[in-house]
Amino acid sequence: MRFVKRDNVDNFFRIKVKIISIVLAFLIMSIFLFALNINPLDAFFGMVKGAFGSPLRIRQTTIKTVPLIITSLGILIAFKMKFWNIGGEGQILIGAFGASIFALFYNNFNRPVLLALMALSSLVFGGLYALIAAFLKLYFRTNETIVTLMLNYIALKFITYLQYGPWKDKKALGFPKIANFPDNALLPSFFGVNIGWVIAVICLILVYIFMNHTKKGYEISIIGESINTARYAGINIKAVTLLCVFLSGALCGLTGFIQSSGVNGTLSVEISGGVGFTSIIIAYLSSLKEPFILIVSILFAALLQGSSYIETSLKIPNSAALILQSLILFCILASEIFTSYRLKIKR
Amino acid sequence: MTSFLHATVIAGTPLLLSTLGEILNEKAGNLNLGVEGMMLMGAVAGFLAAKGTNNAFLAVLCGLLFGCIGAFIYAFLTVTLRTNQTVTGLTLTIFGSGVSSFVGQNLSGQVVPDRVKYFLTPIRLPLLGKIPFLGNIFFNQDILVYISYILVFVIAVYFYKTRAGLNLKAVGDNPYAADAASINVALYKYINIIAGGALCGLSGGYLSLVYVPAWQNNITAGRGWIAVALVIFAAWNPYKALLGAYLFGGLDIIGFRIQDGFVSKYFLDMLPYIVTIIVLTFFSFKRSKKNSPPKSLGVSYFREER
């Protein structure tokens, strides 16, 4: 048995293989659910119903789509350069922290100004936090995967510290939470959902233009393809790396702003809720192409929303979504070889 | 002081086991970022088996086995299907944490049965245990700690004194040359990745059965990633892995012992992760030829493209 290279592979074939592998992931998940005495069909239909069954649930799904789109775009920018930023979780938290500084302590502005300041602060904080890893990689050759991951835990512990320590709300009767944001620090709604979704669409368009139609975006792709080519072409690798990673972290930080101001109304350790990790999967599944991010994000939001629905209706733990997510990615990863190779069985 | 160092060895043992596991992976040329996931699978399986069978041996074995299962998925994808190692490893981590919190949903706060605990309590070794100071620290421990000492030694012998170890080095450095010398590259990769997974599963089992010993969601709390970083600290050497693991075990204990005083203990919780970054940076910077990673680390091997 061996693999033989395929010659001409069209996009239609690629998509076909991806769909087959997603179906395969659902089949494996079914076996898993069967083993636990749960009817998989109930679970999957429950998920669809929970995600799209009523206008309210569709709104909930939209709310869950927004952070996935923005964070995935951030991850995409870094992954294009083969900079493995898996620090989305931490950058979201630190971005939310940046927004909270204004929301909690410098909030004597009218709503648009305050929100703009919070957004800006979240971009800067998220971006700078990611830059730590870029800086260490550039100057000390430190592995960015591990650094960004450690930064996740540091951010998590830092927000925990704030929540239990200096920022603990005195009015919460000893309950460890941070004070709610004032009204002028909350994102307004638009068509029944906080305007984060508008921001997400704008980000999608901007990132698309940046990556595909600007010189810097092109340089990022070149570095990702081959660092030697980039060097030969006279690209300033350090400058582009720093810019790329800053933008990546800034977008994740912006997610923190939207989650804290538009969804939770305050800062808490739960604000990132696994979005940083899910987005890695989404970016990868989208083959690092911006338009696909939109579609895949909606599907994953539906998966998340649907599984939190069946958690109450069918008593299936929420983590089922996590397992299904990773199974989908496993199957897609496994299928990739078949898009460029053919299996040949020798007799 | 003795009790502090005694606790340090216990806290360092899960780190040591998973670091050794990752070293096996990386020596075979595969950067497996799924350590955290395999540990979680091992932890939940070990705990469930302890609850179900009341048998310490079966519990430990079960933890080990589930680490192997995780590693097998990884090996199949990266070795046979040549998937991207970074993404596959990350997915394995997500998978493992999903499986462990799915299965462990209703176990939160439950403790390990006494009978299992009894078998995993410290045993003072006859002669070595009598050594003043050191005896108390190193030779008054539970059986898994002793196994971890033996593993360090066995793995070092395997790497540096056997033909198989030499072949493994060839596979990790240059699989094309190894293949040409009729070494079965895929077989070496599979065996070492799965053995590494066994150690990670054991490490997870140690956390849920001995170190905590109860179930809590996300019981590993990032230790798998510290282990990945420790591999670089240890420069792929099992003896240095022992040193690094105990160093970080000590950090874990410091955060645990200091109660609210001059600095908040919530603040101190960040310490191990910050130190990991510093140590990692230092060792990446002064990386010499001798301390360099296997040359094909992270690169898939396509025999067809030889």
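**Cavities, a pocket and ring contacts**

The count comes to 2 cavities of 30 Å³ or more in what is a predicted model. The second largest cavity has a volume of about 30 Å³. Its lining is made up of A:Met29, A:Leu33, A:Ala43, A:Phe44, A:Met47, A:Ile310, A:Ile316 and A:Ala320. Two elements of chain A, α1 (11-35) and α2 (40-52), are the ones that put two or more residues into this lining, and α2(A) gives the most, with 3 residues. Sorted by class, the lining of this second largest cavity holds 8 nonpolar residues, with no polar and no charged ones.

Next up is the second largest pocket, with about 1600 Å³ of space. It is lined by 46 residues, and those closest to the pocket centre are A:Lys18, A:Tyr284, A:Leu285, A:Ser286 and A:Ser287. Quite a list of chain A helices supplies at least two lining residues each: α1, α2, α3 (55-80), α8 (215-225), α11 (275-285), α12 (290-313) and α13 (320-340). The largest share comes from α1(A), at 8 residues. By class, the pocket lining splits into 28 nonpolar, 10 polar and 8 charged residues.

A:Ser287, one of the residues closest to the centre of that pocket, also turns up on the backbone side of things. Its phi is near 50°, a positive value in a residue other than glycine. A:Ser287 sits in the loop between α11 and α12 of chain A, and it counts as partly exposed because its relative accessibility is 35%. Chain B has a case of its own in B:Asn218, where phi is near 55°, again positive in a residue other than glycine. B:Asn218 is found in the loop between α10 (185-211) and α11 (223-233) of chain B; with 43% relative accessibility, it too counts as partly exposed.

On to the rings. Over all chains, the structure holds 27 aromatic pairs. Take A:Phe105 and A:Trp167: the ring centres are 5.2 Å apart and the planes meet at 65°, so this pair is edge-to-face, the cut-off for that label being over 60 degrees. The pair ties together distant parts of the chain, 62 residues apart, with A:Phe105 in helix α4 (residues 88-105) of chain A and A:Trp167 in the loop between α6 (144-164) and β2 (189-190) of chain A. A:Trp167 counts as buried because its relative accessibility is 15%, under the 20% cut-off. A:Phe105, at 47%, counts as partly exposed.

Over in chain B, B:Phe282 and B:Phe283 also pair edge-to-face, with 5.4 Å from centre to centre and 85° between the planes. B:Phe283 comes out as partly exposed at 22% relative accessibility.

Back with A:Phe105 and A:Trp167, ring pairs join these two with A:Phe97, A:Phe125, A:Phe158, A:Tyr161 and B:Phe267 in a cluster. The cluster thus takes in residues of chain A along with B:Phe267 of chain B. A ring contact of another kind involves a lysine: B:Lys27 lies over the face of B:Phe159, 4.8 Å from the ring centre.

Last comes a polar contact in chain A. The side chains of A:Thr229 and A:Ser226 make this contact at 2.7 Å. A:Thr229 belongs to helix α9 (residues 227-232) of chain A, and its 42% relative accessibility makes it partly exposed.

Key. Residues are numbered from 1 along each chain as its sequence is written. Chains are lettered from A and ligands numbered from 1 in the order in which they are written. This is a predicted model: local features need pLDDT of at least 70, side-chain atom pairs count only at pLDDT 80 or more; totals for chains, interfaces and linings use all residues. Side-chain values use heavy atoms; hydrogens and water are left out. Rings of Phe, Tyr and Trp (its six-membered ring) pair if their centres lie within 6.5 Å; planes under 30 degrees apart count as stacked, over 60 as edge-to-face and the rest as tilted. Helices (H or I, at least four residues) and strands (E, at least two) are DSSP runs, numbered from the N terminus. Buried means under 20% relative accessible area, exposed over 50%, partly exposed in between (1.4 Å probe, protein chains only). A charge sits over a ring if NZ of Lys or CZ of Arg is within 6 Å of the ring centre and within 35 degrees of the ring normal. On a 1 Å grid over the protein atoms alone, a cavity is a set of points where a 1.4 Å probe fits but cannot get out, and a pocket is an open set with protein on both sides within 12 Å along at least five of seven lines; lining residues have an atom within 4 Å of a point. Grid points are joined across faces, edges and corners, and a volume is the space filled by probe spheres set on the points. Ala, Val, Leu, Ile, Met, Phe, Trp, Tyr, Cys and Pro count as nonpolar, Asp, Glu, Lys and Arg as charged, and the others, Gly among them, as polar. A polar contact is a pair of N or O atoms within 3.5 Å; within protein, one must be able to donate a hydrogen and the other to accept it, and residues adjacent in sequence count only if both atoms are side-chain atoms.
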